[in-house]
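Please open the model in the viewer and keep the selection panel at hand. The tour proceeds by selections, each followed by a description of what is found there.

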Amino acid sequence: MSIHDFAVTEKYAVIPDMQIVVDLWLIVRGRSPVGVDREKVARLGVISKYAEDEAESVWIEAAGFNPLHCVNAWDEDGGDTVCVVETNAAAVDRLMENIDCADMTMEMVVVDEMACY
């Protein structure tokens with residue numbers, strides 16, 4: 001997993017895990033180390049800013065959501081809900097070929113029921 005960007009709210013850190021990966025062994029083969037793992041399902045990790053270890057993290061699968069840059073994030077309902085606005089590279093393969101054909105959109109993801117974690 002490579003982390004390109006992340007978001008922080010009053011209570012949580014939100015970490016995107018997208019299909020874009022970095023494989024340093026590709027450099028040895030003379031290729032770019034950045035590629036796409038088509039088998040991987042994109043996901044968002046949410047962890048309390050005050051967590052003592054990773055056991056307090058929650059991972060939410062988000063197929064088709066390849067977040068590149070966080071625009072904003074905030075808590076609602078006293079911290080029971082986390083809202084994140086990020087750019088989404090819907091056609092991640094095209095992003096790697098030509099940034100102008102990337103089919104980028106702005107998406108808001110809402111994660112409910114954080115109080116139970």
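Select His-69 first, in this predicted model: the residue is found in strand β7. His-69 counts as partly exposed because its relative accessibility is 43%, a value between the 20% limit for buried and the 50% limit for exposed. The UniProt record, an unreviewed entry, places the feature "binding site" at His-69 and also at His-4; add His-4 to the selection to display both annotated positions.

Next, extend the selection to the whole of β7, residues 67-76, together with β8, residues 81-89. These strands pair in the antiparallel sense, over 7 bridges. Within the pairing, Trp-74 stands opposite Cys-83 of β8. The two strands form a hairpin with 4 residues between them. In that turn, select Asp-77, whose phi is positive at about 55°.

From β8, proceed to the largest nonpolar core, which comprises 11 residues. Select Ala-7, Tyr-12, Val-14, Leu-44, Val-46, Ala-62, Phe-65, Ala-73, Val-82, Val-84 and Val-111. Two or more residues of this core are contributed by each of β2 (12-17), β5 (43-48) and β8. Colouring these three strands separately will show their contributions.

Finally, select Arg-43 and Trp-59. Arg-43 lies over the face of Trp-59, at a distance of 3.9 Å from the ring centre. How many aromatic pairs does the structure hold? The count is 0.

Methods:
Residues are numbered from 1 along each chain as its sequence is written. This is a predicted model: local features need pLDDT of at least 70, side-chain atom pairs count only at pLDDT 80 or more; totals for chains, interfaces and linings use all residues. Side-chain values use heavy atoms; hydrogens and water are left out. Rings of Phe, Tyr and Trp (its six-membered ring) pair if their centres lie within 6.5 Å; planes under 30 degrees apart count as stacked, over 60 as edge-to-face and the rest as tilted. A charge sits over a ring if NZ of Lys or CZ of Arg is within 6 Å of the ring centre and within 35 degrees of the ring normal. Two strands pair if DSSP finds at least two bridges between them. A nonpolar core is a set of buried Ala, Val, Leu, Ile, Met, Phe, Trp, Tyr and Cys residues joined through side-chain atoms within 4.5 Å. Buried means under 20% relative accessible area, exposed over 50%, partly exposed in between (1.4 Å probe, protein chains only). UniProt positions are given in the numbering used here, feature names are shortened, and annotations may be inferred rather than shown by experiment.
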